[in-house]
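The following note is intended for a colleague who is meeting this structure for the first time. Please read the numbered points with the model in view.

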Amino acid sequence: MAEDPAERRWRLMNGCDRMLSGNRAPSLRERLADLAASSLPELDGRADVYGGGGPVTVLEKRVAGLLGKPDAVFFPTGTMAQQVALRCWAERTGSDVVALHPLSHLEVHERKAFTTLSRLRGVWPTAERRQPTAQEVRELDEPFGTLLVELPLRDAGFLLPTWDELNALVAAARVRGAKVHFDGARLWESTPHLGRDLPTVAGLADSVYVSLYKTLGGLSGALLAGAEDFAAQARAWRHRYGGTLFQQWPAAVAALAGLDRELPRLPEYVAHAKVVAQALAKLPGARIFPQVPHTHQFQLWLPGPADRLNEAALRLAEQQRTWFCGPFTDRAPDLACAEITAARPALDWTADDVTAAGTALLELAAAG
Ligand SMILES: Cc1ncc(COP(=O)(O)O)c(C=O)c1O
């Protein structure tokens with residue numbers, strides 16, 4: 001029987017000696033051992049119970065402090081956290097209309113839960129593949145109660161505004177009498193491009209969601225930060241949405257470990273992503289977007305089809321114990337796109353290493 005494709009990918013990826021994009025996905029035993037071996041004092045304490053106590057409360061306080069917000073609420077998913085945030089603002093503003101980008105996670109990847117479950121309505125300041133401008137928000141042709149800004153806008157290529165553009169965007173929402181919510185799933189790595197620290201960036205918004213399992217490498221989960229009365233309301237809605245789990249300590253502990261390990265390294269990853277992007281741009285037929293990455297993630301476009309590139313990446317892993325990137329997806333006839341993440345493993349790669357491995361990948365793809 002043929003090996004399950006996901007199993008094959010995982011096996012080959014973890015058998016590699018070096019990785020350009022992403023991080024190793026260790027076995028569950030390795031992950032548990034790694035957490036148990038960490039020096040986190042919370043591991044010697046008690047568990048949380050129904051949303052409070054133990055590492056969950058420690059994490060909530062820590063992230064509130066990092067974002068400079070009075071309180072932060074733990075959620076099992078960002079999907080739930082943001083529905084709750086938008087619902088809280090809808091109740092307070094009396095408007096169920098949310099201004100957001102059509103490429104935002106809420107529109108593309110959540111089966112429109114904010115509309116179907118939370119009965120909110122999205123309006124789009126722009127449908128261009130970029131962040132909206134202040135003018136577009138100011139001149140939106142219908143009223144809205146909340147502006148949601150995804151920082152960075154992942155599906156458009158992890159795009160951030162400049163600090164001045166972000167300020168202008170927020171000011172435009174204020175002129176329209178709207179609340180501002182940041183989808184900061186990847187806010188952690190946005191500070192170098194914005195040139196401001198986390199509390200300064202988060203300080204622009206009324207509420208901010210951050211993810212615990214993407215850049216931080218946790219298991220799952222999200223934090224929703226804001227004022228104390230907002231957090232209290234969010235906890236009430238979390239309960240109604242079924243998000244106040246009996247215990248969530250594994251996710252909270254993994255996130256605390258991630259904050260210790262990953263947060264201090266992010267500026268280095270963001271800087272190195274520029275080196276990797278420049279080297280990838282030299283491959284025949286390659287396009288990088290954005291040309292100079294805003295965070296440690298960006299898009300690599302190569303002549304497709306995606307299947308051929310994905311198989312070539314697996315062969316490269318098999319033959320040279322080198323993980324390049326993937327998966328690629330077809331985005332246009334004969335044009336495939338992969339998201340590149342320059343994390344800890346990528347720091348070992350020079351520009352020449354990147355070009356050499358990329359050339360090998362393209363050769364394998366051409367050989368079919
Ligand atoms: C920008 C953005 N917002 C929200 C989410 C939702 O997070 P979760 O998977 O925790 O529901 C994601 C997850 O990928 C995301 O990328």
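1. In this predicted model, L148 stands opposite H181, a residue of strand β6. The pairing to which this belongs joins strand β5 (residues 146–150) with β6 in the parallel sense, over 5 bridges. Between the two strands the chain passes through helix α8 (residues 163–175), and the resulting β-α-β crossover is right-handed.

2. H181 also stands opposite S207 in strand β7. Strand β7 comprises residues 207–211, and its pairing with β6 is likewise parallel, with 4 bridges. Strand β6 itself, residues 179–184, is mostly covered, as 5 of its 6 residues are buried.

3. Which residues surround the ligand? They are T77, G78, T79, Q82, H105, E150, D183, A185, R186, Y209, Y213 and K214. Helix α4 (residues 78–93) makes the greatest contribution to this shell, with 3 residues. Sorted by class, the shell holds 3 nonpolar, 5 polar and 4 charged residues.

4. Several side chains place polar atoms close to oxygen atoms of the ligand. For T79, a polar side-chain atom lies 2.6 Å from a ligand oxygen. For R186, the distance from a side-chain N or O atom to an oxygen atom of the ligand is 2.8 Å, and for Y209 the corresponding value is 3.2 Å. On its own the ligand has 390 Å² of accessible area, of which the protein covers 89%.

Technical notes:
Residues are numbered from 1 along each chain as its sequence is written. This is a predicted model: local features need pLDDT of at least 70, side-chain atom pairs count only at pLDDT 80 or more; totals for chains, interfaces and linings use all residues. Side-chain values use heavy atoms; hydrogens and water are left out. Buried means under 20% relative accessible area, exposed over 50%, partly exposed in between (1.4 Å probe, protein chains only). Two strands pair if DSSP finds at least two bridges between them. A crossover is right-handed if, with the strands pointing away from the viewer, the path from the first strand over the helix to the second runs clockwise. A residue is near a molecule or strand if one of its heavy atoms lies within 4 Å of it. A polar contact is a pair of N or O atoms within 3.5 Å; within protein, one must be able to donate a hydrogen and the other to accept it, and residues adjacent in sequence count only if both atoms are side-chain atoms. Accessible areas come from the Shrake-Rupley method with a 1.4 Å probe; for residues, only the protein chains shown count as cover. Ala, Val, Leu, Ile, Met, Phe, Trp, Tyr, Cys and Pro count as nonpolar, Asp, Glu, Lys and Arg as charged, and the others, Gly among them, as polar.
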